[in-house]
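Biologist: Hi! Could you walk me through this model, one odd spot at a time?

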Amino acid sequence: MKALARVIALVSLVSFAGAAPAQPPAAPAPNWVAGKNYALVVQPQPTNLPRGKVLVTEVFSYACPACNQFRPYMQKLVKSLPPNAVLDYVPASFNASEDWPMFQLAYVTAQTLGIADRVHEAMYDAVWTTGELATTDPGANTLKSRMPTIEDAARFYQKQTGVPAAKFLETSKSFGVDTQVRHDEDLMKAYAIDGTPTLIVNGKYRVTGQYAGGYAQMVDVVLFLVHKESQ
């Protein structure tokens, strides 16, 4: 009797579902196209990651206003990446008038000391919110006559992490940091970086707001490419 009752209940459920209005089909995933929504890197760079891992790189600068505007989208991307994705950052230096080389050196130094990730968001805040490392005068909306120095950055990292400013400065002058800066410069040339923020997937694909059609679409295109590279 229990089995019969279960069958009757299932038949009733199917009949009710059949009577309900049909649900619209799910929207198809966008068909992102190379050369239209993202670019192929002419000189693909090996990632040296284990098989199955996919590298996602943001080329950025703390002093770049567009990178600061991109922050919430980058944070969304980080939360959306699958477990096999590995996140990496390459600091750009090509805008010397806005102090980008100093911020590049500061990031690579912090990276070498193992404290870059801990202070990543705080560095943006120091430039664009609190003004501790600001490059512009908010009142006049012009570049400051005195730009932040590596000594200023060292003191900021000390306050944030406890790493002595003297150690930070010593590390910034090391052979290892110089080698990493040169490596990052070579990477940017290979990736044909001409603006920031730019996202690189697995050393093969270049994604920008111009290509993707906006910052939100950049996130979608990168997730698409990560899935593509994971197959």
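Modeller: Happy to! First, a sorting rule for residues: Ala, Val, Leu, Ile, Met, Phe, Trp, Tyr, Cys and Pro count as nonpolar, Asp, Glu, Lys and Arg as charged, and the others, Gly among them, as polar. Also, this is a predicted model, where local features need pLDDT of at least 70 and side-chain atom pairs 80 or more, while totals for chains, interfaces and linings use all residues. Residues are numbered from 1 along each chain as its sequence is written, and side-chain values use heavy atoms, with hydrogens and water left out.

Biologist: Let's use that rule, then. How do the residues lining the second largest pocket divide?

Modeller: That lining has 5 nonpolar, 6 polar and 4 charged residues. A pocket here is an open set of points on a 1 Å grid over the protein atoms alone, where a 1.4 Å probe fits, with protein on both sides within 12 Å along at least five of seven lines; lining residues have an atom within 4 Å of a point.

Biologist: What volume does the second largest pocket have?

Modeller: About 210 Å³. Of its 15 lining residues, Thr47, Lys53, Asn202, Lys204 and Glu229 are the closest to the centre. Volume means the space filled by probe spheres set on the points, which are joined across faces, edges and corners.

Biologist: And what about the largest pocket's volume?

Modeller: The largest pocket comes to about 250 Å³. It is lined by 15 residues, and Pro46, Leu55, Asp88, His183 and Leu187 lie closest to its centre. β2, β3 and α7 are the elements that give two or more residues to this lining, and α7 has the largest share, with 4 residues. Those names are DSSP runs numbered from the N terminus: helices (H or I) have at least four residues and strands (E) at least two.

Biologist: How does the lining of the largest pocket divide?

Modeller: It has 6 nonpolar, 7 polar and 2 charged residues.

Biologist: New topic: rings! How many aromatic pairs does the structure hold?

Modeller: The structure holds 15 aromatic pairs. One of them joins phenylalanine 60 and tyrosine 62, edge-to-face, at 5.1 Å centre to centre with 75 degrees between the planes. Rings of Phe, Tyr and Trp (its six-membered ring) pair if their centres lie within 6.5 Å; planes under 30 degrees apart are stacked, over 60 edge-to-face, and the rest tilted.

Biologist: Is phenylalanine 60 buried or exposed?

Modeller: Buried, with a relative accessible area of 0%. Tyrosine 62 is buried too, at 1%. The cut-offs are under 20% for buried, over 50% for exposed and partly exposed in between, using a 1.4 Å probe and protein chains only.

Biologist: Which other ring does tyrosine 62 pair with?

Modeller: Phenylalanine 103, again edge-to-face, at 6.4 Å and 70 degrees. This pair links distant parts of the chain, 41 residues apart: tyrosine 62 sits in the loop between β2 (54-60) and α2 (65-80), and phenylalanine 103 in helix α3. Zooming out, ring pairs link Phe60, Tyr62, Tyr89, Phe103, Tyr107 and Tyr124 into a cluster.

Biologist: Cool. Which residues have a positive phi although they are not glycines?

Modeller: Among them are aspartate 99, with phi of about 75 degrees, and alanine 192, at about 60 degrees. Aspartate 99 is in the loop between β3 (85-91) and α3 (100-113), and it is buried at 12%. Alanine 192 is in the loop between α7 and β6, and it is partly exposed at 40%.

Biologist: Last one: where is there a cis peptide bond?

Modeller: Between threonine 196 and proline 197, with omega about 0 degrees. Proline 197 lies in the loop between α7 (175-190) and β6 (198-201).
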